[in-house]
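Work through the following exercises with the sequence and the structure open beside you. Try each task on your own before you read its solution.

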Amino acid sequence: MKKLILMLITGMFLGNTSYGASISDLLKSGKSIKLICTIEKANEWTWDRHSNGDLYIKDTKIDSLIGDKINYLIEVEGEESASLYVNGDKICCDEFDNPSITPEHSSVDEDKYEFSMKQVLPDNFTLPWSVEINRITGQFFSRRYTSLTKKLSVPFSQELKGDCEKASEKKF
């Protein structure tokens with residue numbers, strides 16, 4: 001009986017040390033990490049009218065995006081800053097030279113990565129965009145304003161939520 005208990009404890013100890021690093025561990029390490037994030041919830045907001053004529057914001061699910069993948073690459077550039085690439089394009093933050101997107105900030109803390117930027121349109125209209133990745137759970141949240149209009153049935157904002165997992169370096 002003692003040998004069985006010893007074997008179980010040894011197995012648990014070896015099993016715990018053989019797991020790969022979690023997303024949280026990788027993000028804490030100060031290295032770059034590639035994530036594949038699956039959209040589980042997608043919503044957009046439009047203006048609509050009540051029957052009495054009052055405007056209200058209509059929340060609509062975007063079923064066509066559910067299951068789509070987003071590739072995020074996070075390059076840690078210091079203890080409190082990082083750069084974000086979305087599907088291969090640098091979106092934020094340090095040493096950034098995309099004239100149509102103005103980086104606001106990136107922040108790194110123990111619980112999450114947070115990126116904020118603004119897309120610059122003609123006539124200096126700016127549309128905010130933010131991406132947040134939870135370092136503990138691996139969940140992501142993205143909100144992007146798509147227009148500055150109050151026209152009916154024209155989406156003005158989009159929100160995406162889902163889970164991320166570490167992308168493998170080799171596909172085969």
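The exercises below deal with strands, a disulfide, a core, a pocket and some backbone angles.

The model is predicted, so that local features need pLDDT of at least 70 and side-chain atom pairs count only at pLDDT 80 or more, while totals for chains, interfaces and linings use all residues. Residues are numbered from 1 along each chain as its sequence is written, and side-chain values use heavy atoms, with hydrogens and water left out.

**Exercise 1. Strand pairing**

Find the strands that pair with β1, and give one bridge partner for each pairing.

Solution. Begin with the terms: strands (E, at least two residues) and helices (H or I, at least four residues) are DSSP runs numbered from the N terminus, and two strands pair if DSSP finds at least two bridges between them.

Step 1. Strand β1 covers residues 33-49 and is joined by six bridges to strand β3, residues 69-76, with the two running antiparallel. Within this pairing, Lys34 has Leu73 of β3 as its bridge partner.

Step 2. Strand β10, residues 157-166, also pairs with β1 in the antiparallel sense, here over 10 bridges, and Thr38 has its bridge partner in β10 at Asp163.

Step 3. Strand β2, residues 55-61, runs antiparallel to β1 and is joined to it by seven bridges, among them the one between Asp48 and Tyr56 of β2. The hairpin of β1 and β2 has five residues between its strands, and Gly53 in this hairpin takes a positive phi near 100°.

**Exercise 2. The disulfide**

Which cysteines does the disulfide join, and where do they lie?

Solution. Step 1. In general, a disulfide is a covalent bond between the sulfur atoms of two cysteines; the cut-off used here is a pair of cysteine sulfur atoms within 2.5 Å.

Step 2. The structure holds one disulfide, and it joins Cys37 to Cys164 with an S to S distance of 2.0 Å. Because Cys37 lies in strand β1 and Cys164 in strand β10, the pair ties together parts that are 127 residues apart in sequence.

Step 3. The angle about the S-S bond is 105°, and the link of Cys37 and Cys164 is right-handed.

Step 4. To judge accessibility, call a residue buried under 20% relative accessible area, exposed over 50%, and partly exposed in between (1.4 Å probe, protein chains only). Cys37 is buried at 0%, and Cys164 is buried as well, at 9%.

**Exercise 3. The nonpolar core**

Describe the largest nonpolar core and say which strand gives the most to it.

Solution. Step 1. A nonpolar core is a set of buried Ala, Val, Leu, Ile, Met, Phe, Trp, Tyr and Cys residues joined through side-chain atoms within 4.5 Å.

Step 2. The largest such core has 25 residues, and those with the most contacts inside it are Leu35, Tyr72, Ile74, Leu84, Phe115, Met117 and Phe140. At least two residues each come from β1, β3, β4 (82-86), β5 (89-92), β7 (112-120), β8 (126-134) and β10.

Step 3. The strand that gives the most to this core is β1, with five residues.

**Exercise 4. The largest pocket and Glu132**

Identify the elements that line the largest pocket, and then examine Glu132.

Solution. Step 1. On a 1 Å grid over the protein atoms alone, a pocket is an open set of points where a 1.4 Å probe fits, with protein on both sides within 12 Å along at least five of seven lines, and lining residues have an atom within 4 Å of a point. Grid points are joined across faces, edges and corners, and a volume is the space filled by probe spheres set on the points.

Step 2. About 150 Å³ of space lies in the largest pocket. Two or more lining residues come from each of β1, β8, β9 (139-145) and β10, and β9 provides the largest share, three residues.

Step 3. Glu132 is one of the lining residues, has its place in strand β8 and counts as partly exposed at 29% relative accessibility.

**Exercise 5. Positive phi**

Where are Asn87 and Ser153 found, and how accessible are they?

Solution. Step 1. Most residues other than glycine have a negative phi.

Step 2. Asn87 has a positive phi of about 50° although it is not a glycine; Asn87 is found in the loop between β4 and β5 and is partly exposed at 46%.

Step 3. Ser153, also not a glycine, has a positive phi of about 60°; Ser153 is found in the loop between β9 and β10 and is exposed, with a relative accessible area of 59%.
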